[in-house]
Amino acid sequence: MIKNFLKTSDFSRAELEEIIESAAQFKKGELTGKPLSGKSVALVFFNPSLRTRASMQVGIYDLGGNSVILEPGNTSWTLEHRENVVMDSDKTEHLKEFVGVLERYVSLIGVRTFAELKDWNLERTEPILSAFEKYSTKPIINLESAMHHPCQSMADMLTIRERFGKQRKKVLLTWAWHPKPLPMAVPNSFALAAAQFGHDLRIAHPKGYELDAELTAEIERQANENGGSLEITNEIDEAFDNVEVVYAKSWGSFQHYGNADQDIREREIYREKWIVDAAKMQKTNDAIFMHCLPVRRNVIVTDAVIDSANSVVLDEAENRLHVQKAIMAKLIN
Ligand code: CP
């Protein structure tokens, strides 16, 4: 039995459907239980957050629990996660003791640990999240790691479900220009979940901005197994044709991983074209517009699109709360 919530592909379609159904019931007020009554949940943030932090805290409160927020290197000690190291540098506490202590107090541990965008071969192995998983006997919830943001992608799937029911939809995940390289967790997880839910997924990005090859193979396998499909294009002009969902996100290039300056210089040519604007949305089949937030207005998406009636970005943010309550309730039981 799986005890952690680290990525959606650890779960079957049926289990994911169960979480979506439970989240919808929490949202409608049909589920009102307090499975965290008398329990505490640690939320460990190595990186900043608005939605994840606020929705987890509110969700824990709604489920009757208490949240303990820790920010290593800020409101708690700096952490070393590697094994067999001489800790004579800037790290004060080892993750082994950090987790060992925490699990004497709490029933669940949520962790946010972004990619550092320095060493892809290392970061794609999720070294910090994996250390939490290794040392903890309590369930771990991934609140965005180097590779995955499964709470976000489940909120996104609930948002699509609310608009379209259980229909198979034409879904576009489009890269967008951004002034600096960003991690790939959100596009990875969105594409994976869209495939697991059996949508027809099109991923659009400029050449050189491919997602991880192994993950792309998994996305394709999941799409095929679940009755959907995967198409990848480098043509922004055709990418929007007839799609019903547009999900915008920027991410960094593997070719320049660890060399942000080079990526920034080379991506400049995409600035004008790779933005979601009204002209591109006109090519769609009245598509909804999605983004995980935070978003840079008039960089990733124009005001006209994000402020339009087709924009569901606030629904996605709200659905984080309901989905995470469903996930916590599942793990605690
Ligand atoms: N979408 C999301 O995870 O938002 P935060 O980074 O603000 O938590």
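**Exercise 1.** Is Lys 325 buried or exposed?

*Solution.* This is a predicted model, with local features taken at pLDDT of at least 70, side-chain atom pairs at pLDDT 80 or more, and totals for chains, interfaces and linings from all residues. Residues count from 1 along each chain as its sequence is written, and side-chain values use heavy atoms, leaving out hydrogens and water.

- Start with the address: Lys 325 sits in helix 13, residues 313–332 (a DSSP run of H or I, at least four residues, numbered from the N terminus).
- Now the area: at 9% relative accessible area, Lys 325 is buried (under 20%, against over 50% for exposed; 1.4 Å probe, protein chains only).
- Then the company: beyond four places in sequence, Lys 325 contacts Phe 26, Gly 59, Asp 62 and Leu 63 (heavy atoms within 4.5 Å).

**Exercise 2.** Work out which residues surround the ligand and which atoms pair up with it.

*Solution.*

- List the surroundings: Ser 49, Leu 50, Arg 51, Thr 52, Arg 112, His 149, Gln 152, Cys 292, Leu 293 and Arg 320 (a heavy atom within 4 Å).
- Check the ligand's oxygen atoms: one is 2.7 Å from a side-chain N or O atom of Thr 52, and a polar side-chain atom of His 149 is 2.8 Å from a ligand oxygen.
- Look at nitrogen: a ligand nitrogen lies 3.0 Å from a backbone N or O atom of Cys 292.
- Finish with cover: the protein hides 93% of the 250 Å² of accessible area the ligand has on its own (Shrake-Rupley method, 1.4 Å probe).

Technical notes. Helices (H or I, at least four residues) and strands (E, at least two) are DSSP runs, numbered from the N terminus. A polar contact is a pair of N or O atoms within 3.5 Å; within protein, one must be able to donate a hydrogen and the other to accept it, and residues adjacent in sequence count only if both atoms are side-chain atoms.
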